[in-house]
Structures are given as C-alpha cells and as structure tokens.
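Hi,

I am passing a structure over to you, with the sequence alongside. Have a look at it first, and then read on for what turned up.

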Amino acid sequence: MTQPIRFILNDRDIETRLPAGMVMLDFIRKQRRLTGTKIGCREGDCGACTVLVGEWNDGAMVYRSMTSCLMPLGNAHGRHIVTIEGLNTDDLTPYQAAMVAEAGTQCGFCTVGFIVSFAGFCLGDAEPNRKNAIAAVDGNICRCTGYKSIERAAESISTQLTNRPEQNRLAWLVENGYLPTYFATLPQRLSALVAELAQPKQEATHQVVAGGTDLFVQRPEEMAETPLRLVFDHPEFNGITVQRNRCIIGASATAEDLRQSELMNRMFPHMQGYMKLVSSTPIRNMGTVGGNLVNASPIGDLTVFLLANDAHVTLENGDQLRVVPLRNFYKGYKTLDLQSGEHLRSISFAIPEKGTLFNFEKVSKRTHLDIASVNSAMRLDMNGETIREAHLSAGGVAPIPFFLAKTREVLVGQPITPELVHAAATTAAAEVSPISDARGTADYKRLLLRQLIYAHFSVVAPEQVELEAAR
C-alpha cells in the first residue's frame, strides 16, 4: 500500500504506513498501548477484543461492533475506531453503571467487550428493548459471571434508552452521558477526512481480502506480510439490488447487510431468524457473502442458503466477466472453478415468485456462534399445487457444499403429499456421503439430513408432515 492508512482512533487522528494486513488488535495494543482491548481467542469467538467501527454513510455516522483480532488494519482507512478507552467519560456511562449495579462482572477480562457492544447498541437502529439489547452482546462470552446479571444489565440499558430520539441520536447520547463529548465532533471530522482521502493504490495481483474473518484465523502472520487488495465495503463490490428479475448481491456485502436488507426480508419473511443462526453480531458485521462462498467450506451457511436459490456467481478478471452456476463452482474439497487472476464480483439468483416456498435449517452444538453439524435449505417454485422447480442443498454431508440433485428429481412435477415428503427425505439421506468427525458420525449426519428435509416441509407444508407422522 503506497499511500498511508488514515483514520481516527478514539479522539486521535492516525496516519500509518504499517502493513495493511496487521490486525487492528495488535495495532491498538502494541502500537498505541491501549491495553483495555483484550487478547482472547484470536478467532472472533470470545468478543474480548471488540471495538466499534464508525463510518460516514449517506450523511450520517453508522457504528458497527467488530472483533479487532480479525480486522485488517487497512479496513480502518477512512473510519472511526473506538476502543474501551474511547468510551470513558468523567462518570460511569449508563451502560457501565448498569453492569456495576447488576454485578455483571467478576474477573473483568470480558467486561470491556460487553461494554463496547452495549455502546454499539446505544448507537444503533435496533428498537431499545430487552431482546435487542441481549442480541447486541451475542458475540461476547463471559466465563465466570453467569449471564442473568448481564441480561438484567441489558434490560436496564434498554429501559433507559426509551426516550432516545430517532433524529440527532448521536447528539442526544453525548448530552445524556452515554458517550464522551468528542463524539459530537465526529460527523464533521470523519466526513472531512473521507472527502480528502483517496483509496490506497492496490495492485490487481495482490491478495483480495474483504472482511478477513477466515483468512486472519488461519494465517494471521502470513497476512500481515502479504500485499493486500482490500475490497471490504467498496461500492463496486457492495450492495443488494434487483436487475431484470434477479437479486444481485455484491461479493463484499456482509451477512449483517443480508439480515438488515429490506429486499431480502421481503423475499424471505423468515430472514431474521435464518441470519441469527449465522455467527454473531460482530462477525456478521465483518464476514462477507463472497468470503463465505470462496472459503469453500462444506458447511458454509450462506453458501447453503444460496445454493438452494440456484444462485450464479460472476467472476471478474480485469474487464472479463464469467458467470458460473454456484452448484458447479465447487470442484472438490476447497477446490474452486476459479481461473488465474479471477475473483468473485457478485452473486445473483431469481427473485422468488408468489407462492415460492423456502426454508433454511441449521443444527449445531450451540444455537449461536457455532459451525453447523449439518445445515440445509430448500426452495420450491410452485405451479398451483404442483412443484414446478425444486432446489435443495446441504452442508456437512460431502466434501463440498452439496446440491441435492437426486432429491430435486423426486420432487419436480409432483404435488406435495406425505408420500412425496417421505421419498424426498429418504432420497436425500441416500445421495450424500458424510464422514465421521468431531461434529458427529457419518450415520448421525445422514439421519440428521433426513430429518431436516422433514423440517423443511414442516415449515412450508406442515399438514403433509403431520399426516406422514401420523402414519
């Protein structure tokens, strides 16, 4: 990166030429000596290293919580990074005071991450209620307090935010002691910084990195020394739009972008529930759709979701574009149909028609913040009572994200009946080839997929599953 990385860290303007692949956690602690941000798992799971990342977006400041252990320093360019030190006021903030009042901390190692996440909740758009306050800390783990005291603190915080205005929210939070006074100047400071910044020059031959949530777990030292082409949140790789009856998702759109997208929620009414099964709030704020696909994990949640929508990927190499069906993109374990110099630009799928039936299921050892033992999705395009087209996918049952082609053949052209549901479940279990590993035996995964097919139909055609169960 020939140009310096420039951003605001708490109240200070930063300009650095350190490697763009250094993780923000190391910059914060080792370069700036801000040791309130803790080193925990270094895998984005524990939340001890949580920071807020603010950006100037459409004339307003938008803040998101992220795990600094996986955030490349280069992704701070033109943004406001807030650590626990940057939240301190002369007195305890209301969310700090709530944690104290409810005895929400013991050893204190995890507390800083909870406090930063609660600050993000205060700054965010979510309705201030107990459920959303608890959801804001779904990426934070405490190993000694027990969560009831933290949940009580969350409820107290949400109650105090009842009078928070929709307009001028940042100013209100400053005036009422939720944020230090320097936050009031951030819209002017960051908008001025963004206006004068050019994107650092990045060569096409450099390693393409978006959120980095997988690369910086697997190869953090290597990434710190690798020239990067950073595409996180870049307009040309972002956005969720409609073109000619197809939904187009930019490769750097995040999982949280999907969860919050009005378009996605309109097409998939249960989208909020599906996406809550994907990782945690800080990781959804960082992890991108393209990264999930290119990672080629056999249990990629977004990959399985998109496979069932018969998605296509658009690959770019300079001015050359190539479109590949997602089901053909995976050639073997961690092997892609990706030619030299190509990278993923966008993903597209047909807009669901009226009457389209869709469902996504995931089974893991923990409900949240865990990888799947088996996940699956199903989309049925109906013609009256008959299945005109069917697409089903499964993860954790093959070396690649698996398209259930034989199960599809069983369903197409048929009305949904108990006999068809049974045949589909039986066929799905027979056409996969799982292996035994830490997430379950091969027989268990095969049985699990069979049950997930029943689960799909119990959502989209519950009366047929009830009839099958009664037989």
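Below is what was found, from the overall picture down to single residues.

**Confidence**

Please keep in mind that this is a predicted model. Its mean pLDDT is 92, and 97% of the residues reach 70 or more. Confidence is highest in strand β5 (residues 80–82), at 98, and lowest in helix α20 (residues 462–470), where the mean is 69.

**Overall build**

The protein has 20 helices and 18 strands. Its C-alpha trace spans about 70 × 50 × 40 Å along the principal axes. The radius of gyration is 23 Å, which agrees with the value near 23 Å that a compact globule of 471 residues would have. Of those 471 residues, 56% are buried. Among contacts with a sequence separation of 6 or more, 63% are between residues 24 or more positions apart.

**The cavity**

How many cavities of 30 Å³ or more are there? The count comes to one, and the largest cavity has a volume of about 30 Å³. Its lining is made up of Met66, Met71, Pro72, Asn75, Gly211, Phe232 and Met286. By type, five of the lining residues are nonpolar, two are polar and none is charged.

**Two residues of strand β17**

Strand β17 covers residues 386–395 and includes His391. Is His391 buried or exposed? His391 is buried, because its relative accessibility is 5% and the buried class takes in values under 20%. Leaving out neighbours within four places in sequence, the contacts of His391 are Leu307, Ala308, Asp310, Arg327, Ala377, Met378, Arg379, Phe403 and Arg408.

Ala394 also lies in strand β17. With a relative accessibility of 0%, Ala394 counts as buried. Setting aside residues up to four places away in sequence, Ala394 touches Val304, Asn375, Ser376, Pro401, Phe402, Leu404 and Leu449. Asn328 is 66 residues from Ala394 along the chain, and their C-alpha atoms are separated by 15 Å.

Just ahead of this strand is Gly384, found in the loop between β16 (374–383) and β17. Gly384 is exposed, because its relative accessibility of 60% is over the 50% cut-off. From Gly384 to Val432 the C-alpha distance is 30 Å, with their positions 48 residues apart in sequence.

**Two positive phi values**

You may want to look at the backbone in two loops. Arg33 is in the loop between α1 (24–31) and β3 (50–57). Its phi is near 60°, a positive value in a residue other than glycine. Arg33 counts as exposed because its relative accessible area is 63%.

Asp58 sits in the loop between β3 and β4 (60–67). Although Asp58 is not a glycine, its phi is positive, at about 55°. At a relative accessible area of 79%, Asp58 is exposed.

**Two partly exposed loop residues**

Which loop holds Thr441? Thr441 lies in the loop between α18 (418–431) and α19 (442–460). Its relative accessibility is 43%, so Thr441 counts as partly exposed, a class that falls between 20% and 50%. With neighbours within four places in sequence left aside, Thr441 is in contact with Ile435 and Ser436. Thr441 and Asp301 are 140 residues apart along the chain, and 20 Å separates their C-alpha atoms.

Gln339 is in the loop between β13 (335–336) and β14 (343–350). Gln339 also counts as partly exposed, at 45% relative accessibility. Its C-alpha atom is 35 Å from that of Gln272, and the two residues are 67 positions apart along the chain.

**In brief**

To recap, the model has a mean pLDDT of 92, and helix α20 is where confidence is lowest. The radius of gyration agrees with that of a compact globule. In strand β17, His391 is buried, and Ala394 is buried too. Arg33 has a positive phi, and Asp58 has one as well.

Happy browsing, and best wishes

Terms used
Residues are numbered from 1 along each chain as its sequence is written. This is a predicted model: local features need pLDDT of at least 70, side-chain atom pairs count only at pLDDT 80 or more; totals for chains, interfaces and linings use all residues. Side-chain values use heavy atoms; hydrogens and water are left out. pLDDT is the predictor's confidence in each residue, from 0 to 100. Helices (H or I, at least four residues) and strands (E, at least two) are DSSP runs, numbered from the N terminus. Buried means under 20% relative accessible area, exposed over 50%, partly exposed in between (1.4 Å probe, protein chains only). Contact means heavy atoms within 4.5 Å. On a 1 Å grid over the protein atoms alone, a cavity is a set of points where a 1.4 Å probe fits but cannot get out, and a pocket is an open set with protein on both sides within 12 Å along at least five of seven lines; lining residues have an atom within 4 Å of a point. Grid points are joined across faces, edges and corners, and a volume is the space filled by probe spheres set on the points. Ala, Val, Leu, Ile, Met, Phe, Trp, Tyr, Cys and Pro count as nonpolar, Asp, Glu, Lys and Arg as charged, and the others, Gly among them, as polar. The radius of gyration is taken over C-alpha atoms; the globule rule is 2.2 Å times the number of residues to the power 0.38.
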